[in-house]
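Please read the points below beside the sequence and the model. They are arranged by region, and each stays with one part of the fold.

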Amino acid sequence: MKEISVEELKSKIDNNEDFQLIDVRETFEYEVSNLDGENIPLASVLLEKDKISKDKPVIVHCRSGKRSAQAIMLLEKEGYDNLSNLVGGILAWKEDIDPDMDVY
């Protein structure tokens, strides 16, 4: 499974790179704090896989990296090969990039 650090993600955002960011946390978690990605909860990821690009890099994240890893495993079985897991999830983003971010 490909992985990406929060620093690499921040660089992609700062450089306006073309990628899709998918947040697989529950909606209530997304409402507390998010990175402006598209919210597709893990339980819905296969039902809503048509919303996930196959034509550009896709970075998947959750709170810590576990649910996003599960989502990637499910999607790779569906033929996706352009997915990267955000190491440490939104907790790592708060720790390394945005210490003022609200997390639960």
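Where in the chain does V45 lie, in terms of the strands around it? The points below begin with that residue, and it should be kept in mind throughout that this is a predicted model.

1. V45 is found in the loop between β3 and β4, and at 1% relative accessibility it counts as buried, the cut-off being under 20%. Leaving out residues up to four places away in sequence, V45 touches V24, I40, I52, A71, L74 and L75. A further spatial relation concerns I22, which is 23 residues from V45 in sequence, while the two C-alpha atoms are 9.7 Å apart in space.

2. V45 also belongs to the largest nonpolar core, a set of 14 residues in which I22, V24, V45, I52, V60 and L83 have the most contacts. At least two residues of this core are supplied by β4 (58-61) and at least two by α3 (66-76), and the largest share, 3 residues, comes from α3. Apart from this core lies another, of 12 residues, and V6, L9, A92 and M101 are among them.

3. V24, one of the residues with the most contacts inside the largest core, deserves its own entry. Not counting residues up to four places away in sequence, V24 touches I40, P41, L42, V45, V60, H61, C62, R67, S68 and A71.

4. C62, which appears in that list of contacts of V24, lies in the loop between β4 and α3. With a relative accessibility of 1%, C62 counts as buried. Its contacts, once neighbours within four places in sequence are left aside, are V24, R25, R67, S68, G89 and I90. For R25 in particular, the separation from C62 is 37 residues in sequence and 5.2 Å in space, taken from C-alpha to C-alpha.

5. Which residues of α3 are buried? They are S68, A69, A71, I72 and L75, and because they cover an arc of only 160 degrees around the axis, they are placed on the same side of α3. The elements against which these buried residues pack are β4 and β5.

6. In α4, the buried residues include G89, I90, A92 and W93. Seen down the axis of α4, the buried residues fall within an arc of 155 degrees, and therefore they line one face of the helix. The cover over these buried residues includes α1, β4 (58-61) and β5 (83-86).

7. How do the axes of α1 and α4 cross, and at roughly what angle? The axis of α1 (residues 6-14) and that of α4 (residues 89-96) come within 9 Å and cross at roughly 80 degrees, which means that α1 is roughly perpendicular to α4. On the side of α1, the residues that meet α4 are V6, E7, L9, K10 and I13, and their counterparts in α4 are G89, A92, W93 and D96. By residue class, the contact of α1 with α4 divides into 5 nonpolar, 1 polar and 3 charged residues. V6, L9 and A92, which take part in this contact, are also among the residues of the 12-residue core.

8. Two loop residues should be checked for their backbone angles, since each has a positive phi without being a glycine. For N16, phi is near 50 degrees; N16 is found in the loop between α1 and β2 (20-23) and is exposed, with a relative accessible area of 69%. For D36, phi is about 65 degrees; D36 lies in the loop between α2 (27-32) and β3 (38-39) and is likewise exposed, with a relative accessible area of 70%.

9. The last entry concerns G79, which lies in the loop between α3 and β5. Is G79 buried, exposed or partly exposed? With a relative accessible area of 48%, G79 is partly exposed. G79 and K54 are 25 residues apart along the chain, and their C-alpha atoms are separated by 8.9 Å.

How values were computed: Residues are numbered from 1 along each chain as its sequence is written. This is a predicted model: local features need pLDDT of at least 70, side-chain atom pairs count only at pLDDT 80 or more; totals for chains, interfaces and linings use all residues. Side-chain values use heavy atoms; hydrogens and water are left out. Axes are lines fitted to C-alpha atoms, for helices over the stretch in contact, and angles run from 0 to 180 degrees between N-to-C directions. Helices (H or I, at least four residues) and strands (E, at least two) are DSSP runs, numbered from the N terminus. Angles under 35 degrees count as roughly parallel, over 145 as roughly antiparallel, 65 to 115 as roughly perpendicular and the rest as oblique. Contact means heavy atoms within 4.5 Å. Ala, Val, Leu, Ile, Met, Phe, Trp, Tyr, Cys and Pro count as nonpolar, Asp, Glu, Lys and Arg as charged, and the others, Gly among them, as polar. Buried means under 20% relative accessible area, exposed over 50%, partly exposed in between (1.4 Å probe, protein chains only). The arc is that of the directions from the helix axis to the C-beta atoms. A nonpolar core is a set of buried Ala, Val, Leu, Ile, Met, Phe, Trp, Tyr and Cys residues joined through side-chain atoms within 4.5 Å.
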